[in-house]
Amino acid sequence: MPIHHVGFDTFASHYWAFNMSEPQSRYYKKSTNYLLIAGIIFIAVNLRPALASVGPLIEEIRDSTGLSNTSLGLLTTLPLIAFGVISSLTPLFTKRFGIGGTLLGAMILLTIGIALRYVSSTPALYIGTFLLGIAIALGNVLLPTLTKRNFSENSGIITSMYSSIMSLGAAMAAGISVPLSDGLNLGWRGSLLVWSLLSLIAVFVWMPQVGRLPKSAATRNFSAAMRKMIKSKLAWKVALYMGLQSMVFYIILAWLPVLLQSRGCDAAFAGWMLSLSQATGIIGSIIIPYLAGKQKNQRGIVLILILLEMISIAGLLFPQFGLVALWISILGLVLGGTFGLALLFLVLRSRDTESATELSGMAQSIGYLVAATGPLLFGGIFDLTGNWDYALIFLFIVAALKLYMGLGAGKAEKV
């Protein structure tokens with residue numbers, strides 16, 4: 001195999017692995033994997049705080065900037081648009097810079113995007129938001145690719161690890177954004193800026209991986225590969241399963257507190273219920289991918305998750321039953337589990353590293369564009385009918401569609 005110009009770290013790693021005894025070589029490989037896992041952890045924990053920290057600060061941002069609700073909504077919509085556009089283009093970046101270089105660039109871009117939001121300028125706020133959306137999109141796509149490439153035999157465990165860390169990052173950001181702004185007198189701009197420290201740490205933690213993850217030789221034409229992927233029924237089922245599970249997540253994130261308050265709950269209780277859904281989501285994202293990774297196919301797990309989702313929605317549809325915390329706990333558990341399962345499908349349904357990147361890019365591009373419509377549709381149904389029951393019935397329809405897509409995505413097949 002010809003030696004490519006991939007840097008001293010890569011040459012040294014190959015040299016020492018070749019010249020070591022077998023026990024030494026195994027030890028080197030294990031230590032390298034541990035360093036890679038540490039890098040994945042720091043990438044994963046950065047993929048949600050820049051987004052989740054905005055919601056709790058919306059009132060402060062509105063009071064400070066005078067932006068309308070529509071303009072403020074762009075702070076959530078812009079990253080989703082970036083996800084939809086960039087995800088499918090990620091293979092172009094990895095062919096040019098490799099997985100390691102692309103992720104390093106993503107963490108640098110994320111730091112710049114977060115820092116721009118600190119600038120006292122409305123255009124800077126939106127430009128920074130779009131840039132961080134691009135960075136997060138690259139991370140979203142490439143973590144399943146890394147799992148396929150380096151941890152294929154333990155894909156369930158690794159997916160459980162990073163999906164739960166992503167959920168933890170979201171819960172942490174949602175919980176401490178207001179205390180950072182008000183309690184420490186940082187203001188909303190300072191509160192948002194804090195997360196650039198976390199992404200900056202990730203830059204330095206990830207740097208050693210650039211040499212250890214040399215670029216793979218491209219074996220397929222990007223356009224031809226994506227055309228083939230688009231023709232795959234299995235790829236579409238994986239993509240739409242991902243999109244529908246994300247749609248429900250963003251609907252709950254946007255509308256659950258409003259729904260509960262309309263039924264007489266106070267704002268504090270409604271906020272705690274949203275936090276509860278995020279907390280139980282962490283549990284789901286740990287357990288479900290781990291269990292699913294041990295199965296030849298995941299159709300049974302899909303069926304159980306959707307049945308639990310429908311039970312929890314029914315509980316919310318009939319408030320006379322009470323037990324609101326129970327239904328929301330179950331729903332949060334399911335949403336965390338379906339998110340982790342969707343990420344695992346990207347690994348299990350792909351044949352190799354390149355197809356994992358292509359499937360991940362397609363699925364997340366389509367998925368996030370589908371997800372972006374959810375909060376708008378849910379709110380629109382309420383505006384038309386004046387009744388949350390019809391909006392909740394819409395979630396039953398989504399769950400049924402998700403069951404169909406999930407049963408197809410759960411088959412032990414490859415794209």
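This text walks through the structure from its surface to its nonpolar cores. The model is predicted.

Start on the outside. A nonpolar patch of about 560 Å² lies on the surface. Its members are Ile81, Val85, Leu89, Leu92, Phe93, Phe97 and Phe130. Two elements give two or more residues each to this patch: helix 5, which covers 69–86, and helix 6, which covers 90–116. Helix 6 gives the largest share, with 3 residues.

Take Phe97 as an example from the patch. Phe97 sits in helix 6. Its relative accessible area is 45%, so Phe97 is partly exposed. That value falls between the limits of 20% for buried and 50% for exposed.

Now look at another residue of this helix. Thr102 also has its place in helix 6. Thr102 has a relative accessibility of 5%, so it counts as buried. Which residues is Thr102 in contact with, leaving aside neighbours within four places in sequence? They are Phe93, Thr94, Phe97, Leu138 and Leu142. Phe93 and Phe97 are also members of the surface patch.

Next come the charged residues. Side chains of opposite charge can pair when their charged atoms come close. The structure holds 3 salt bridges.

One of them joins the side chains of Glu354 and Lys95, at 3.5 Å from N to O. This pair links distant parts of the chain. Glu354 is in helix 16, residues 353–385, while Lys95 is in helix 6. The two are 259 residues apart. How covered are the partners? Glu354 has 18% relative accessibility, so it counts as buried. Lys95 has 30%, so it counts as partly exposed.

Another salt bridge is formed by Arg263 and Asp389. Their closest N and O atoms are 3.3 Å apart. This pair, too, links distant parts of the chain, 126 residues apart. Arg263 lies in the loop between helix 12 (233–262) and helix 13 (267–292). Asp389 lies in helix 17, residues 388–409. Arg263 is partly exposed because its relative accessible area is 30%. Asp389 counts as partly exposed because its relative accessibility is 28%.

Glu309 and Lys402 also form a salt bridge. The closest N and O atoms here are 2.8 Å apart. Glu309 belongs to helix 14, residues 299–317, and Lys402 to helix 17. The partners are 93 residues apart and link distant parts of the chain. Are these charged residues buried or exposed? Glu309 has a relative accessible area of 0%, so it is buried. Lys402 also counts as buried, because its relative accessibility is 0%.

Turn to the aromatic rings. A pair of aromatic rings is described by the distance of the centres and the angle of the planes. The structure holds 5 aromatic pairs. Among them is the pair of Tyr241 and Phe345. Their ring centres are 5.5 Å apart and their planes stand at 65 degrees, so the pair is edge-to-face. The cut-off for that label is an angle over 60 degrees. Tyr241 is in helix 12 and Phe345 in helix 15, residues 324–348. The pair links distant parts of the chain, 104 residues apart. Both Tyr241 and Phe345 are buried.

Phe249 and Tyr250 make another pair. Their centres are 5.2 Å apart and their planes stand at 80 degrees, so this pair is also edge-to-face. Phe249 counts as partly exposed because its relative accessibility is 26%. Tyr250 is buried, because its relative accessible area is 12%. Elsewhere, ring pairs link Phe378, Phe382 and Trp388 into a cluster.

Finally, go inside. The largest nonpolar core has 102 residues. Which of them touch the most other members? They are Leu146, Tyr162, Leu341 and Phe378. Phe378 has already appeared in the ring cluster. Helix 12 gives the largest share of this core, with 15 residues. Leu341 shows what such a position looks like. Not counting residues up to four places away in sequence, Leu341 touches Tyr241, Ile288, Pro289, Ala292, Gln298, Ile301, Val302 and Leu305. Tyr241 is the ring partner of Phe345 met above. There is also a second, separate core of 11 residues. Its members include Leu67, Leu72, Tyr126 and Leu192.

Notes
Residues numbered from 1 in each chain as written. Predicted model: local features only at pLDDT ≥ 70, side-chain atom pairs only at ≥ 80, totals over all residues. Heavy atoms only, no water. Patch = residues over 30% accessible without salt bridge, like charges linked within 9 Å, V, L, I, M, F, W, Y side chains within 5 Å. Areas by Shrake-Rupley, 256 points an atom, 1.4 Å probe, with all protein chains shown as cover. Salt bridge = Lys/Arg side-chain N within 4 Å of Asp/Glu carboxyl O. Helix = DSSP H or I, 4+ residues; strand = E, 2+ residues; numbered from the N terminus. Buried < 20%, exposed > 50% of the residue type's maximum accessible area, 1.4 Å probe, protein only. Contact = heavy atoms within 4.5 Å. Phe/Tyr/Trp six-rings, centres within 6.5 Å; stacked < 30°, edge-to-face > 60°. Core = buried A, V, L, I, M, F, W, Y, C linked by side-chain atoms within 4.5 Å.
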